[in-house]
Every structure is written in structure tokens, then in C-alpha cells.
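Trainee: Could we go through this model together? I'd like to know how each label is earned.

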Amino acid sequence: MRTIRTVRELRDALAEARKLDGSIGFVPTMGYLHEGHLALVQASRTRCSTTVLSIFVNPTQFGPKEDLSVYPRNFHRDERLCRDAGVNIIFAPETEEVYPSGFETFIEPGASAQPLCGPFRLGHFRGVATVVCKLFNMVQPDLAFFGQKDFQQCAVVRRMVVDLNLPIEIVTVPTVRDPDGLAMSSRNRYLSALERDRALSISRGLFAAQAAFQEGELDPARLLSIAHQTMEEVDELQYLEIVDAETITPAMGELSRPAAICVAGYIGSTRLIDNILLDTKSLAR
């Protein structure tokens, strides 16, 4: 495994890999890795001959009152986990390598960035789309792997790839959860033991709505009501919505297309997001 800091060195290393006619898989992260990230690595290793994992805490996707300065970091631990998982290259650029002096060009996503997290994290998806596009140009992967937990982010990235004609296949990997159901997240470390127990109400609500859906309930309002009943321990519920799984538009009327029930809320001072897919194709008719 190699740890690389500059774009020039990265491109030289990947040129060598491409000479072997192998595919390049890419896993973009902000570090402080957990089993969810490692599932992305495993998916890449299954399909690609070379796996690149980036570690870069992207400043442009954080708002002025968000947790950029305290976002969890432990690079030596991340290196060890990557080595054990079979990552070939860690790309860990400094901020100046990604955003050099005079940088002024950003990607502005459209409708897919407007609902859900959009009103609460102004400019967030602008920063996400810009850094992901830059990383794609740096790595030039054949496939890129993202976790379903960041459902709206996946939608924004997929739309960007289509709109900008980027020759990359986006692979979405199911959310990895702790045995008790809590979706794995680097921000979970902010939770105290009591807060973590309360955070389980989020996944319980999603699972309750999913169970009702699988039993034949297709009305979005009733599904949301079921989910909401078990989320009483969330201190501030920013949104709880059912959206079309492809367009991210609010589900209207009885569900007839794949959808997702998405939630964001605060447990103490920690903002958590989660979602569950509601796949109408899987229902018996």
C-alpha cells in the first residue's frame, strides 16, 4: 500500500496500474474510517484490480457553524485499517493541493440538492459536488463507491456524473449498521452512551415503517406517522420524508415506484442522518 499526497504522484502511480489493463476503483472518504467505509473497499476490491481510497476533510462542504475544526481525525489508525482491508493507494492531499491559491470554480447542483438536507445545510452539496468532481478528475476511476447512508449525496453525485458526461460507474453500497441497528457514521463518536441509546429511536422508526410497507401499507402519510411514533427521543427532528428513490422528489399518493424514507435529526448536539429504501418492485402483487 502506498500513501500519496500530490496529484502528480497519484497520476504516476495509477499510470503504472493502468498498464496492467486493470480497472481502478475509488472510495472517497473524509477519514476516521469505520466498517461502512471498509464495506466500500471490499466492494471495490471485488470488482477492480486497484483500489484508491481518499482521505480529505473537505472544508467547502461545512457551514460556518458546523464541525469542521473538530471533525474526527486519526490518520495512523486509518492507514492501518486500509492496509488490513487491501487498499492499494491512500490519496491524502493537503487542502492546498485540492484548493490552490486563487481557486474560484465550483459546481452548483440542481434539484437533487434542494430537498431534505438542502435547506438545513446551505452550500453543502455545492462543496460535495465540487470536491467529488475534482477527486474524480485526479483519480480518473472506472468505478466509484458510495454508501447508501448518504442517500442524497449519492443522488447528487449520480446526477453530476450523467450531466457532465463523466465516464465513471457509481456503485451504491447498502448502509452498514451496528448489531443494534444504528447506522455507522464517523460522527457517532460524538454521542455519549445515553445519547447513543436514544439515537436508536431513529433506526427503530425507519424499521417500523419498512415493516408496515412490506405488509402492504403504501400510503406515505401513514408510513411517516408510523416512523414518527418511535422517534420521540430525537431532540430536534429536521426532516422525516418519503421521496422518490431516483428523483428525490416528495412521494405523492400511493407508492408505485421505489422510494426512500429519509430522516435527519439531532441527538444532543450531534446531527445524524439515516434512510431505508422502500422497493415497490419487491412487493408481492
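**What earns a label**

Mentor: Start with one residue: Val 52 has Ile 89, in strand 4, as its bridge partner.

Trainee: Before that, what kind of model is it, and how are residues numbered?

Mentor: It's a predicted model, where local features need pLDDT of at least 70, side-chain atom pairs count only at pLDDT 80 or more, and totals for chains, interfaces and linings use all residues. Residues are numbered from 1 along each chain as its sequence is written, and side-chain values use heavy atoms, with hydrogens and water left out.

Trainee: What makes strand 3 and strand 4 a pair?

Mentor: Strands are DSSP runs of E with at least two residues, helices are runs of H or I with at least four, and both are numbered from the N terminus. Two strands pair if DSSP finds at least two bridges between them. Strand 3 (residues 50-55) and strand 4 (residues 89-91) have 3 bridges, in the parallel sense, so they meet the rule.

Trainee: Which sheet do they belong to?

Mentor: An open one with 6 strands, ordered 1-4-3-2-5-6 and paired in parallel. Strand 1 (2-4) and strand 6 (169-173) are at the edges with a single partner strand each, so each has one side without a neighbour in the sheet. From one strand to the next, the twist averages 25°; for such angles, axes are lines fitted to C-alpha atoms (for helices, over the stretch in contact), and the range is 0 to 180 degrees between N-to-C directions.

Trainee: Which helix packs on this sheet, and which strands does it touch?

Mentor: Helix 5 (residues 124-139) touches strand 2 (24-29), strand 3, strand 4, strand 5 (143-147) and strand 6. Contact means heavy atoms within 4.5 Å. The direction of helix 5 makes about 150° with that of strand 2. Helix 6 (residues 151-163) lies across strand 5 and strand 6, at about 170° to strand 6.

Trainee: How do you know that Glu 169 and Arg 47 form a salt bridge?

Mentor: The rule asks for a side-chain nitrogen of Lys or Arg within 4 Å of a carboxyl oxygen of Asp or Glu. In this pair the closest N and O atoms are 3.2 Å apart, so it counts. Glu 169 is in strand 6 and Arg 47 in helix 2 (residues 35-47), 122 residues apart, which links distant parts of the chain. The whole structure has 16 salt bridges.

Trainee: What is the order of the 3 strands in the antiparallel sheet?

Mentor: The order of that open sheet is 7-8-9. Strand 7 (236-244) and strand 9 are the edge strands, each pairing on one side only. Strand 8 (residues 259-267) and strand 9 pair over 9 bridges, and one bridge joins Val 263 to Asp 274 in strand 9. Helix 8 (residues 220-229) packs on the sheet, touching strand 7, strand 8 and strand 9.

Trainee: Asp 274 is also one of the residues lining the largest cavity. What makes a space a cavity, and what makes it a pocket?

Mentor: On a 1 Å grid over the protein atoms alone, a cavity is a set of points where a 1.4 Å probe fits but cannot get out, while a pocket is an open set with protein on both sides within 12 Å along at least five of seven lines. Lining residues have an atom within 4 Å of a point. Grid points are joined across faces, edges and corners, and a volume is the space filled by probe spheres set on the points.

Trainee: How many cavities of 30 Å³ or more are there?

Mentor: The count is 1, and the largest cavity has a volume of about 60 Å³. Strand 9 gives the largest share of its lining, 3 residues.

Trainee: How is that lining divided by class?

Mentor: The lining of the largest cavity has 5 nonpolar, 3 polar and 1 charged residues. Ala, Val, Leu, Ile, Met, Phe, Trp, Tyr, Cys and Pro count as nonpolar, Asp, Glu, Lys and Arg as charged, and the others, Gly among them, as polar.

Trainee: What about the second largest pocket?

Mentor: The second largest pocket holds about 310 Å³ of space. Helix 6 supplies the largest share of its lining, 7 residues.
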